[in-house]
Amino acid sequence: MSTPLPTLPDQGCDSPVLRERGQREVFCGLTGILWLHRKMQDAFFLIVGSRTCAHLMQSAAGVMIFAEPRFGTAVMEEKDLAGMAVMDDELDRVVGRLLERRPEIRTIFLVGSCPSEVIKLDLGRAAERLEERSGGVRFVHYTGSGIETTFTQGEDSCLTALVPRLPDDEGSDPRLLVVGTLADVVEEQLLRLFRELNIGPVDFLPGRRADVLPPVGAHTRILAAQPWVNDTLRALQRRGAEVLAAPYPLGAEGTTEWIRAAARAWGIADQEVDRVVAPARDRARRAIGRYREALEGRSIFFFPDSQLEIPLARFLSSELGMRPLEVGTPHLDGDFMSAELDRLPAGVRLSEGQDVERQLDRCRAAEPDLTVCGMGLANPLEAEGLRTKWSIELVFSPIQGFEQAGDLAELFHRPLERAQRLRV
Amino acid sequence: MQLTVWTYEGPPHVGAMRVATGLEDVHYVLHAPQGDTYADLLFTMIERRDHRPPVTYTTFEARDLGGDTADLVVRSVKDAYERFKPSALLVGASCTAELIQDNPGGLAESLDLPIPVVPLELPSYQRKENWGAGETLYQLVRSLAGRRAPERGWKRPPRPEGSQASCNILGPTALGFRHRDDVTEIRRLLERMGIEVRVVAPLGATAEEITRLGEADFNVILYPEIADSAGRWLEKTFDQPRTTVIPIGVGATRDFVREVASLAGVSADPGLEAVETRLPWWSRSVDSTYLTGKRVFVFGDATHAVAAARVAQEEMGFEVVGLGTYSREFARDVRKAAKAMGLEPLITDDHLEVEDAIAAAAPELVLGTQMERHIAKRLGIFCAVISAPVHVQDFPARYAPQMGPEGANVLFDSWIHPLVMGLEEHLLGLFQEDFEFGDGAVPSHRHNERPAAPVMTATAEAEEDIVATPAPDAGEEAAAIAATALAASASTTDPVSTGTVLPREEPADTVAPQWTPDAQAELKRIPFFVRGKARKNTETFAREQGISEIDVETLYEAKAHFGGR
């Protein structure tokens with residue numbers, strides 16, 4: 001079992017946050033394209049970058065699982081670094097070739113990378129220029145560069161770039177907008193619950209098409225489905241929308257409170273919410289309960305990755321009785337994370353940013369029962385005798401909502417169960 | 001600007017990482033933004049290494065750019081030295097840092113650390129991974145072994161009577177395609193010849209061993225893409241000859257033994273006796289008759305592509321119908337080999353161009369990389385992987401070298417396995433319309449493998465030969481997915497059926513002849529694995545004869561004209 005961390009302040013969410021700078025073992029924002037390109041089926045993501053960007057996408061995507069993805073990289077070469085005039089021509093040529101191959105594409109995201117940002121390539125202007133001459137194809141620019149965005153912030157950057165294109169909501173009735181990519185199946189489940197509660201109309205951002213965007217205005221109420229869409233939320237607030245304070249829809253309790261936040265905005269009584277969600281919530285509790293015995297009291301250490309770390313630590317501590325030792329996050333947004341921080345147990349060390357060597361030292365000293373970390377660290381830590389859970393799987397799995405709560409618990413149980421099974 | 005979806009090689013600093021990670025006690029400080037750490041997972045996940053690569057990333061952010069990123073380099077170098085206490089330090093920049101021109105190598109050298117510091121200049125916008133690995137090894141060898149370099153023009157004295165001949169093995173790195181097992185196999189072969197292997201580098205070598213490279217009598221260059229420049233420099237500096245034959249296949253392994261024997265001044269006989277492999281008899285055995293003249297398309301790095309072409313032709317009895325490489329630096333070797341086979345070499349790193357060439361050649365088997373495996377899957381052609389870029393399945397638990405005697409056995413098994421076997425092939429030909437022999441049927445020895453759904457094609461005409469694909473088995477895909485943590489999305493996205501075949505423009509001067517419905521139907525009666533060839537031959541024949549409409553007669557005229565099945 002684990003040894004307690006020394007000198008932990010007993011204050012829960014008020015504990016001082018350890019802010020670190022150093023080597024970060026995280027992806028850059030480009031990797032958001034891995035799910036965005038599947039979610040928005042009429043969009044293509046064109047990274048303007050280097051061979052490194054292309055190699056990252058291929059390595060992170062699994063060596064060519066998807067034969068023809070809707071993303072690609074315009075790899076800059078020596079001659080492209082010379083001047084802008086050439087770059088415009090080159091972009092035109094690349095985009096032309098792309099649209100020839102994929103005539104069904106309606107929106108092209110021009111995605112900035114570290115090298116394109118460093119040479120100050122004006123992709124915003126390029127997008128405007130291309131859109132003017134495109135005959136109906138939209139060009140949207142955002143950056144996924146590692147010097148500005150960490151992993152899931154790439155989605156935030158992408159969605160923020162879409163906000164100005166959302167049509168004005170001219171109506172006077174409230175609308176619900178759910179922000180952050182969710183699995184299709186989760187969207188359907190949540191829609192059913194909203195329908196039963198008479199909450200609606202409900203829109204999702206991103207939706208399945210990039211050229212059909214939901215309207216936004218003073219009557220728009222927003223629920224964040226993912227903890228990484230903070231800039232998008234602020235941009236939507238500037239369009240008049242109201243962000244509803246809620247924990248994220250993870251676990252039976254998190255999902256209940258998330259739905260309740262919408263219900264309150266629609267003036268629906270708490271008892272009605274409890275009545276409607278009861279069957280799904282009970283199922284979720286039963287599904288979670290199956291893993292409680294194995295996980296209760298176990299300690300867990302989070303390396304920063306997707307910003308899901310704090311909501312996950314809340315779920316694991318409140319619904320499974322796990323003990324978070326350190327919860328690292330790449331970026332801590334006090335405004336939108338407050339509902340989660342209020343629900344974290346006292347004594348949890350929060351860290352923001354990363355100095356991976358120092359964090360590894362702390363992790364080894366803490367000897368957690370389970371360590372949540374990226375793929376670069378997992379096998380080395382396993383070899384040192386720690387049990388690990390790859391954090392990226394939590395981004396790529398449907399984990400939100402009642403029906404997935406048991407699956408989410410199981411993801412943390414599996415490494416421990418596997419360690420018990422193996423006799424080699 | 002090059003539009004690319006998949007790349008055959010990573011950037012050059014990944015090549016440097018492969019060298020650093022292969023070495024035991026050398027650390028690499030890489031001036032790079034956050035995100036470039038993705039490269040760590042190549043080693044920890046694809047190769048399943050139990051240690052992180054010995055790389056420190058300076059991790060600069062946008063807000064640092066106006067300020068002092070150079071200071072960040074200095075701190076990172078100092079910290080890395082203090083924490084890891086390496087015996088030598090490589091210092092360089094990734095693509096982004098190259099643009100800000102901080103000269104990390106020079107900064108590190110100015111710190112006067114008590115260990116050798118090797119600055120690396122790897123131009124990211126011109127060069128790629130293999131070149132980066134080669135350049136890194138060269139700079140490291142020059143810097144470390146160079147400390148013991150004799151005077152210019154020094155001649156290696158003859159080996160003292162009775163002393164054992166010795167060599168180094170150069171080229172294997174971390175994340176190399178079967179490097180781990182090739183080294184074991186070739187070391188065993190050399191030892192059977194009575195030759196001492198002094199140093200294997202970079203894989204498993206220490207910095208101190210690199211300084212002693214000049215002591216051996218000669219160098220074995222296993223992977224020229226990586227070790228050629230280092231080998232040339234050692235030859236010039238230490239009068240240390242090097243091997244040029246790559247021991248892949250039986251014939252090449254025997255040639256390699258003879259070359260080594262002559263460099264070492266020993267008899268080739270023990271080495272030739274040690275080339276005990278089943279390939280020759282397996283290939284001569286009558287059940288292999290069906291392999292005769294099978295059309296294969298070969299693509300990979302230059303070394304593996306050239307070697308595979310020779311094995312395919314001389315040791316399997318195949319017909320090589322295409323040969324190419326993405327290794328531009330070694331294109332000359334591939335051009336030479338292609339010319340000897342009467343082929344037009346394909347030198348490109350654009351996988352779309354490779355796809356077009358494969359479709360045009362209509363081979364029955366593709367020997368390629370993971371990229372060609374996907375291309376072949378989409379085209380409904382069998383494929384075996386012979387070269388990097390690597391995939392988690394290229395690191396099998398079992399011993400599976402490509403080189404030496406056992407390597408030849410592995411080649412036979414892994415190239416033959418994807419094919420439909422002889423008698424089965426005949427039965428499929430006899431009773432093509434048996435409902436259980438549909439195009440979705442897979443070879444019986446691969447019964448647990450799911451046939452692919454026919455993929456969408458842009459032209460109805462092309463549709464029929466895009467059929468039941470010899471898809472890799474589910475376990476293999478699962479491993480690929482596991483390595484990259486896409487498990488969940490894969491469950492909703494069928495990895496096989498997501499492929500689309502794009503319309504391929506026919507060259508304007510060669511309008512495709514039209515097929516009559518009868519001829520179409522007859523073509524469908526030909527088993528799918530030879531249908532592509534039949535279609536191509538028939539259309540070629542029709543064009544040559546000026547026939548605009550292909551009927552059943554034309555089909556059989558073409559068959560008689562070209563021979564074969």
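**Exercise 1.** How many bridges join S3(A) to strand S1 of chain B, and do these strands run parallel or antiparallel?

*Solution.* The model is predicted.
Step 1. Locate the two strands: S3(A) covers residues 71–75, and S1(B) covers residues 2–4.
Step 2. Count the bridges: three join S3(A) to S1(B), and the two strands run antiparallel.
Step 3. Identify a facing pair: Val75(A) is opposite Gln2(B), which belongs to S1(B).

**Exercise 2.** Describe the side of chain A that touches chain B.

*Solution.*
Step 1. Establish the extent of the contact: chain A contributes 63 residues and chain B contributes 65 residues.
Step 2. Assign elements: those of chain A that supply at least two residues each include strand S3, helix H1 (33–39), helix H3 (84–101) and helix H14 (375–383).
Step 3. Find the main contributor: H2(A) gives the most, namely eight residues.
Step 4. Classify the residues on this side of chain A: 33 are nonpolar, 15 polar and 15 charged.

**Exercise 3.** Characterise the contact between domain 1 and domain 3 of chain A.

*Solution.*
Step 1. Set the bounds: domain 1 comprises 12–24 + 288–421, and domain 3 comprises 175–274.
Step 2. State the separation: the centres of these two domains, taken over C-alpha atoms, are 25 Å apart.
Step 3. Count the participants: 25 residues come from domain 1 and 23 residues from domain 3.
Step 4. Assign elements on the domain 1 side: helices H11 (309–320), H12 (334–341) and H16 (405–421) of chain A give two or more residues. H11(A) holds the largest share, with six residues.
Step 5. Classify the residues on the domain 1 side: 13 are nonpolar, six polar and six charged.

Technical notes
Residues are numbered from 1 along each chain as its sequence is written. Chains are lettered from A and ligands numbered from 1 in the order in which they are written. This is a predicted model: local features need pLDDT of at least 70, side-chain atom pairs count only at pLDDT 80 or more; totals for chains, interfaces and linings use all residues. Two residues are in contact if their C-beta atoms, placed from the backbone, lie within 7 Å. Helices (H or I, at least four residues) and strands (E, at least two) are DSSP runs, numbered from the N terminus. Ala, Val, Leu, Ile, Met, Phe, Trp, Tyr, Cys and Pro count as nonpolar, Asp, Glu, Lys and Arg as charged, and the others, Gly among them, as polar. Two strands pair if DSSP finds at least two bridges between them. Domain bounds come from an automatic or database domain assignment.
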